[in-house]
Structures are given as C-alpha cells and as structure tokens.
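Colleague: I should like to learn how the features of a protein model are read. May we go through one together?

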Amino acid sequence: MPCKNCLEKPVINLTNNNIKLCKQHFIKYFERKVLGLIKDYKLIERNDKVGVAVSGGKDSLTVLNILNMLKNKIKIFEIEAIAIDEGIKDYRDKTLEQAEKFCKEINIKLHIFSYKDEFGDTLDNFLKKTKMKACSMCGPFRRYLLNKKSKGLGFTKLATGHNLDDEAQTIMMNYFRKNLETSARLGPITGIKNDKRFIRRIKPLYLMTEREVATYAFLKGLTSEFLECPHSSDSYRGDVMEFLNNFEAK
C-alpha cells in the first residue's frame with residue numbers, strides 16, 4: 001500500500017498503473033517482482049552454478065545484486081560473474097572498473113575475457129579494417145565468448161541484464177526483418193529446448209522497464225553514472241529503440 005512518502009516524496013511514477021512509490025516501497029516492489037519471476041519460471045534450481053554476465057552497467061549490476069541477495073538467503077546455488085572486454089576505449093575500461101569494484105564489495109568472483117586475447121585484437125582496431133557496423137561484428141563475438149567461457153567455467157545458467165525494453169526492441173527487430181521464428185526463443189529463459197552446446201540464458205529483469213532498472217540501480221548505489229556504448233546510436237537496435245520510445249511518449 002502506498003504510504004505518505006509515496007504521495008509526498010515519490011521517486012517514480014509507474015506508468016502502467018499510475019502508482020507513485022517512495023524509495024522504500026519502490027525497492028520492495030522491484031525486488032519482489034524480480035524474485036517472483038525467478039520463482040514462477042524456475043529460472044534457478046537447486047545446485048545451479050549461475051554465471052552473471054556483467055558489463056558494469058545498471059542492468060547487469062542490478063541482476064548481480066539481486067541474485068547475490070537470493071543466494072545468501074536460500075543458499076541452494078552458486079554465482080560467479082563473467083565480463084567481456086571488447087576493447088572500446090573510454091567506455092568498456094570504465095564500466096569494467098565499476099564491475100570489478102562491485103564484485104569485490106560483495107565477494108563475487110569475476111572472470112574477464114577480452115577480444116584481444118581471444119581474437120587477436122580489440123573491437124576498436126577491427127572496426128578500422130572493415131565497413132561493418134560495430135554491433136554486427138561485436139554481437140556475434142560477444143555471444144560466442146560468453147557461451148564458450150560459461151561452458152568452460154561449468155556454469156549451468158547464464159544470467160543477463162536484458163530488461164522489458166530490450167525484449168520489446170528484439171521482437172520488433174524480428175518483425176521488421178521477417179524473422180518471426182527467432183522470437184520463439186525469447187522469454188525469461190531462452191531456447192525452446194536444452195542443447196548441450198549452449199548454456200541457457202535467464203533474464204531476471206524480463207518484466208522490468210529500463211526506467212525502473214535505472215531507478216533501482218541509482219537508489220541502491222550500484223552506479224552513479226549511466227554510460228552508453230559509443231556505437232549504440234549507429235545500430236539497428238538504436239533505431240528501433242528510438243522508434244518505440246517516441247511511440248510510447250505519444
């Protein structure tokens with residue numbers, strides 16, 4: 001139930017039902033909704049070793065924070081963090097500092113793998129040699145490394161920070177590309193069936209909007225600055241994101 005502070009000092013107005021919440025009640029709402037999704041969809045099971053894909057941004061640190069809270073409470077699974085350093089100057093180096101700092105604070109082991117070590121060079125240098133868009137090159141590299149290294153580390157699940165906005169964008173991208181069948185693989189847990197070649201991905205933030213995630217991360221002190229990849233504005237996803245945001249605003 002909304003309290004006096006919710007009415008007088010709200011930190012957010014939930015646009016789906018026009019409810020204003022104060023800091024205390026918003027954090028409670030957010031965590032309850034995420035933990036409810038994990039339970040309802042059985043995203044984590046006994047004896048799972050969950051890898052959390054962290055970038056140092058608001059979404060991944062939020063996932064790591066909540067899964068660490070859950071692990072400390074029920075103690076039936078393990079978590080470790082995994083990060084990919086693409087080699088994007090003045091961006092990834094800064095976010096990885098945040099990831100390392102937070103993992104150290106909560107005593108979570110962090111594994112970092114780089115494009116330079118795995119593929120021989122950084123993304124910045126690769127882009128100087130090709131006309132490909134950054135996301136077209138980076139996406140497959142990143143997904144490949146996350147899956148390969150997660151298997152090597154013995155993870156049974158890989159948790160990512162994808163939120164409701166991300167999922168809506170992906171669905172529209174699939175429609176525009178006439179690639180509807182790939183949407184069948186979407187959802188809080190990816191894939192239609194288990195395949196030993198791939199680590200199944202779970203998305204605890206599946207029902208949370210980007211605005212809600214940003215608000216939670218700020219209120220919990222997980223990050224004080226929200227850095228965007230310098231290549232995001234040039235991407236197809238960036239175009240779809242702008243389209244959906246403008247449509248929602250109207």
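Modeller: We shall begin with the whole chain and end with a single residue. Please bear in mind that this is a predicted model.

Colleague: How many helices and strands does the protein have?

Modeller: There are ten helices and seven strands.

Colleague: What radius of gyration would a compact globule of 250 residues have, and what does the protein have?

Modeller: The general idea is to set the value against that expected from the chain length. A compact globule with 250 residues would have a radius of gyration near 18 Å, and the protein agrees, because it has 18 Å. Along the principal axes, its C-alpha atoms fill a box of roughly 60 × 45 × 35 Å.

Colleague: What share of the residues counts as buried?

Modeller: Of the 250 residues, 45% count as buried. The accessible surface comes to about 14,500 Å², and carbon and sulfur atoms contribute 52% of that area.

Colleague: What part of the contacts joins residues 24 or more positions apart?

Modeller: Among contacts with a separation of 6 or more, such pairs account for 73%.

Colleague: How far apart are the mean positions of the positive and negative charges?

Modeller: The protein has 45 positive and 32 negative charges, and their mean positions are 5 Å apart.

Colleague: Let us turn to one residue. Is Asn68 buried or exposed?

Modeller: Asn68 lies in helix H3, which covers residues 58-74. Its relative accessible area is 8%, under the 20% cut-off, so Asn68 is buried.

Colleague: Which residues is Asn68 in contact with, leaving aside its neighbours within four places in sequence?

Modeller: Asn68 is in contact with Ile79, Ile106 and Ile108 once those neighbours are left aside.

Terms used: Residues are numbered from 1 along each chain as its sequence is written. This is a predicted model: local features need pLDDT of at least 70, side-chain atom pairs count only at pLDDT 80 or more; totals for chains, interfaces and linings use all residues. Side-chain values use heavy atoms; hydrogens and water are left out. Helices (H or I, at least four residues) and strands (E, at least two) are DSSP runs, numbered from the N terminus. The radius of gyration is taken over C-alpha atoms; the globule rule is 2.2 Å times the number of residues to the power 0.38. Buried means under 20% relative accessible area, exposed over 50%, partly exposed in between (1.4 Å probe, protein chains only). Contact means heavy atoms within 4.5 Å. Accessible areas come from the Shrake-Rupley method with a 1.4 Å probe; for residues, only the protein chains shown count as cover. Lys and Arg count as positive and Asp and Glu as negative; His and the chain ends are not counted. The place of a charge is taken as NZ of Lys, CZ of Arg, CG of Asp or CD of Glu.
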